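Here's a quick tour for anyone meeting this protein for the first time. Have a look at the sequence and the 3D view, then read on.

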Amino acid sequence: MIKIKLSTLTEKNIQMTIDKFFHSMKVMWKTYKYFYLITLTFSDTKSFLEFQKNIGIRHIINYLAQFYKDKTGKRDITNVWVFEFLKRDPHSNTLKKVNPHYHILIATGQEVKFPKLDETIFTYGYTNIKRVKSKNLDEFLKLAEYLLKQFYDLLIATKKDRKAMEEYL
């Protein structure tokens with residue numbers, strides 16, 4: 001079983017992660033032309049743990065890169081991804097457990113239609129793929145804010161709150 005020790009995260013660690021993510025997004029915007037947001041949602045925590053044991057996120061990323069290469073003959077593809085398992089309730093301002101899921105942002109040099117992964121290699125829940133069309137960098141970075149929402153929640157959470165969040169894992 002995977003045990004995440006949220007209580008040991010420092011504000012500095014979390015802020016560094018956020019800063020690196022934004023830097024990666026800026027580089028993607030300058031370097032690539034097409035963007036795709038892929039969400040892998042697990043049926044439940046048990047499915048997520050099976051996925052981690054049997055396949056892992058790296059396998060999915062490699063599959064997408066190979067698919068892109070097979071379709072275009074190119075290797076101009078990169079990605080960033082985040083894992084989420086908590087969501088802030090807007091009414092109570094508390095964090096609640098949600099089905100574990102990954103958000104993967106794929107950037108490519110050429111347009112391609114990626115397959116729905118739950119119809120190919122992802123049997124642990126369901127997937128969604130959307131083409132991201134941003135008019136400018138600021139608009140594109142709003143996507144980074146969305147993807148990092150759980151990190152912002154962790155940043156404002158106290159050490160005691162982070163310890164309480166571990167109960168969800």
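Is Tyr102 buried or exposed? Tyr102 is buried, because its relative accessible area is 3%, and the cut-off for buried is under 20%. Keep in mind that this is a predicted model. The protein has six helices and four strands, and the bullets below go through some of them.

**The overall picture**

- Starting at the N terminus, the elements run α-β-α-α-β-β-β-α-α-α.
- The protein has 169 residues, and buried ones make up 41% of them.
- Take the contacts with a separation of 6 or more: 78% of them are between residues 24 or more positions apart.

**Strand E1, covered on both sides**

- E1 spans residues 34-42, and nine of its nine residues are buried.
- One side of E1 carries Tyr34, Tyr36, Ile38, Leu40 and Phe42, while the other has Phe35, Leu37, Thr39 and Thr41; all of these are buried, so both faces are covered.
- The partner of E1 is strand E4 (residues 125-132), and the two pair in the antiparallel sense over eight bridges.
- If you want a spot to look for in this pairing, Ile38 stands opposite Ile129 in E4.

**Thr39 and its surroundings**

- Thr39 is in strand E1 and counts as buried because its relative accessible area is 14%.
- The Thr39 side chain makes a polar contact with the side chain of His103, at 3.2 Å.
- Setting aside neighbours within four places in sequence, Thr39 is in contact with His101, Tyr102, His103, Tyr126, Thr127 and Asn128.

**His101, a residue with several partners**

- His101 is in strand E3, and at 11% relative accessibility it counts as buried.
- The side chains of His101 and Glu84 are joined by a polar contact of 2.8 Å.
- The His101 side chain also reaches the backbone oxygen of Asn99, at 2.9 Å.
- Not counting residues up to four places away in sequence, His101 touches Thr39, Leu40, Thr41, Phe42, Val82, Phe83 and Glu84.

**Rings meeting rings**

- A search of the whole structure turns up 17 aromatic pairs.
- One of them is stacked: Trp29 and Phe35 lie 6.1 Å apart centre to centre, with 15 degrees between the planes.
- The members of that pair have their own exposure classes: Trp29 is partly exposed at 24% relative accessibility, whereas Phe35 is buried at 3%.
- Phe48 and Tyr102 form a tilted aromatic pair, with 6.4 Å centre to centre and 50 degrees between the planes.
- The Phe48 and Tyr102 pair links distant parts of the chain: Phe48 is in helix H2 (residues 45-54) and Tyr102 is in strand E3 (residues 95-108), 54 residues apart.
- Like Tyr102, which is buried, Phe48 counts as buried, with a relative accessibility of 8%.
- Ring pairs also build a cluster out of Phe42, Phe48, Phe51, Trp81, Phe83, Tyr102, Phe122 and Tyr124.
- For a charge meeting a ring, go to Lys149: its charged end sits over the ring of Tyr146, 3.6 Å from the ring's centre.

**Helix H2, one side in and one side out**

- The buried residues of H2 are Ser47, Phe48 and Phe51.
- Why do these buried residues sit on the same side of H2? They cover an arc of only 100 degrees around the axis, which puts them on that one side.
- There's a general rule behind this kind of pattern: an α-helix has 3.6 residues a turn, so residues three or four places apart point the same way.
- The face of H2 turned away from the buried side carries the exposed residues Lys46 and Lys53.
- At the start of H2, a side-chain oxygen of Asp44 comes to within 3.2 Å of the backbone nitrogen of Lys46.
- Following H2 is Gly56, whose phi is positive, near 90 degrees.

Conventions:
Residues are numbered from 1 along each chain as its sequence is written. This is a predicted model: local features need pLDDT of at least 70, side-chain atom pairs count only at pLDDT 80 or more; totals for chains, interfaces and linings use all residues. Side-chain values use heavy atoms; hydrogens and water are left out. Buried means under 20% relative accessible area, exposed over 50%, partly exposed in between (1.4 Å probe, protein chains only). Two strands pair if DSSP finds at least two bridges between them. A polar contact is a pair of N or O atoms within 3.5 Å; within protein, one must be able to donate a hydrogen and the other to accept it, and residues adjacent in sequence count only if both atoms are side-chain atoms. Contact means heavy atoms within 4.5 Å. Rings of Phe, Tyr and Trp (its six-membered ring) pair if their centres lie within 6.5 Å; planes under 30 degrees apart count as stacked, over 60 as edge-to-face and the rest as tilted. A charge sits over a ring if NZ of Lys or CZ of Arg is within 6 Å of the ring centre and within 35 degrees of the ring normal. The arc is that of the directions from the helix axis to the C-beta atoms.
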